[in-house]
Amino acid sequence: MKIDNYIDGVFIKPSSGEYLDNIDPSTGKIYGQIPKSNYKDVADAIQSAKKAFSLWSKLTSADRSNHLMRVADRIEQRLEELALAESKDNGKPLKVARTVDIPRAVDNFRFFASAILHENSEIHDVGDNGFNYTLRRPVGVVACISPWNLPLYLFTWKIAPALAAGNTVVAKPSEITPATAFLLSTILDEVNFPKGVLNIIHGTGLEVGEPLVSHPDVPIISFTGGTVTGERINKIAASSFKKISLELGGKNPNVIFSDCDFEQMIKTTLKSSFSNQGQICLCGSRIIVEKSIYDRFLISFIAKTKKLRIGPPSDPTTQIGAIVSADHKEKILSYIKLAESEGGKIECGGESVVVDGDNSGGYYISPTIITGLDMNCRTNQEEIFGPVVTVMPFDSEDEALELANNSKYGLASTIWTNDLKKAHRVANNIYTGIVWVNSWLVRDLRTPFGGVKNSGVGREGGFESLQFFTEPKNIYIDLK
Ligand code: NDP
């Protein structure tokens, strides 16, 4: 698979003429090539988006909505092809790509195509004297940058609202997982999406991402990725007062009280720990369990974790697929070593796994449970972003909160209890942007999504997204 950039409605080779290898993480073999684009390609894409802005921003909401709906329909028609591509590129089980990633990309387009039809302008009436009305206008050319863990899912989660609100976009997927972003450009082509409105550029963070966010003609940036990258982008944006939304890393706590529904909790905790090989920003990685059920929890959790089937993403029985890259696998294994050196006990997993046959060169790690660590150690403070969780006991509600809030991150948390008052109290006092009570990853696209502290700046979702991608303009009419 050799892919190209998509600029001004045309598939274009990178100006450097150079390509990067794309590796299938389930085999460790090169299976494609992606453009090694640079600032020149970025400048061309921005120019094309700038040109398209005057037309796209003046379309009615209904017209923009129709264009987005056509993209959603076509993604749905090509779901199987996109799911296969996503699974191969990322290493995630095919059934996850088929049932989660690609359907969500369809939903992202449909949701914002519909939401934009329901946007209202505000009026602040001052009686006989006059009134204010507030219009919301698109901002201009948006830079959308996304990570590799949920490639098309997160790519479209920013692109769809940016376009619905009337902006044009230059988007960069992760160089590690470019396949479905490229397929999206073929879909734009098929549905005759207006030229230049969405431009997709492939390449590295430094050669493509940085020129994109630094460019003076890009007034607004929507970024999802690591906290270190987010900090760098934040500095670049601050010097020229760009509007910015940052969805960053997490180290999410699961707080488990003894009065929870134990079976439901164990089943869901297994998912919140190891889905997508633990490579979801919302995965719970610090599991905090009330002492009276700690032993029972550990025995059951370890037994169920050991039964998870590790295997090739294409095998329908696989529950744990491949880690996204060799580098990321090494990073995860180094954290497991660190945990041991910090006094942690590896209760299960913790090893590199070799899968038979064609997949023997792939990047697999057994799901790992670690106990015996202090909350202040590096293993508990730094994001690992893999199939690795730590488990710690607590005595009281106050202690549970103290442990849960002992983090520089604040993305999401999970609380398990059947005591309604306790659930509300803990949810109110836990410092994260998202809280799930007796559940995990139940998403409603209307709700604000994002984190506090080092997990980000701003919120995505519903009208929060549409507000971010527009600038309010207040107009006062004097009637005196
Ligand atoms: P990175 O921060 O490494 O990369 C994210 C994106 O930014 C990639 O497209 C990357 O390109 C690009 N990039 C890298 N450097 C720069 C730069 N200097 N300027 C502009 N763009 C740049 O994150 P990962 O891809 O490793 O993703 C994992 C991280 O994402 C985890 O920390 C995870 O928690 C977080 N995440 C957060 C979510 C949230 O909603 N809060 C959701 C999902 C993930 P390239 O890959 O080509 O280098």
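1. Into which domains is the chain divided? There is domain 1, made of 5-248 + 455-478, and there is domain 2, made of 253-444. Domain 1 is thus written as two segments, and domain 2 as one. Keep in mind that this is a predicted model.

2. Next, the spacing and the contact. The C-alpha centres of domain 1 and domain 2 are 30 Å apart. Domain 1 brings 24 residues to the contact, and domain 2 brings 28 residues.

3. How much area is buried between domain 1 and domain 2? The value is about 2,100 Å². Carbon and sulfur atoms give 53% of that area. On the side of domain 1, the residues that lose the most area to domain 2 are Ser26, Trp148 and Ser455. Together these three make up 25% of what the domain 1 side buries.

4. Now the polar side of the interface. The count of salt bridges between domain 1 and domain 2 is zero. Polar contacts are found, however: twelve residue pairs across the interface, both partners at pLDDT 80 or more.

5. Which helices each supply at least two residues of the domain 1 side that touches domain 2? They are helix H3 (79-90) and helix H4 (94-115). H4 gives the most to this side, with three residues. By class, the domain 1 side that touches domain 2 holds nine nonpolar, ten polar and five charged residues.

6. Turn to the ligand. It is surrounded by 30 residues. The closest are Glu210, Thr229, Leu248, Cys281 and Glu383. By the domain bounds, Glu210, Thr229 and Leu248 fall in domain 1, while Cys281 and Glu383 fall in domain 2.

7. Which side chains have an N or O atom at a listed distance from a ligand atom? Three can be named here. For lysine 172, the distance from a side-chain N or O atom to a ligand oxygen atom is 2.8 Å. For glutamate 210, a side-chain N or O atom lies 2.7 Å from a nitrogen atom of the ligand. For glutamate 383, the partner is an oxygen atom of the ligand, at 2.5 Å. Glutamate 210 and glutamate 383 also appear among the closest residues to the ligand.

Notes: Residues numbered from 1 in each chain as written. Predicted model: local features only at pLDDT ≥ 70, side-chain atom pairs only at ≥ 80, totals over all residues. Heavy atoms only, no water. Domains from an automatic or database assignment. Contact = heavy atoms within 4.5 Å. Buried area = accessible area lost by both parts, 1.4 Å probe. Salt bridge = Lys/Arg side-chain N within 4 Å of Asp/Glu carboxyl O. Polar contact = N/O pair within 3.5 Å; in protein donor to acceptor, adjacent residues only side chain to side chain. Helix = DSSP H or I, 4+ residues; strand = E, 2+ residues; numbered from the N terminus. Nonpolar A, V, L, I, M, F, W, Y, C, P; charged D, E, K, R; others polar. Near = heavy atom within 4 Å.
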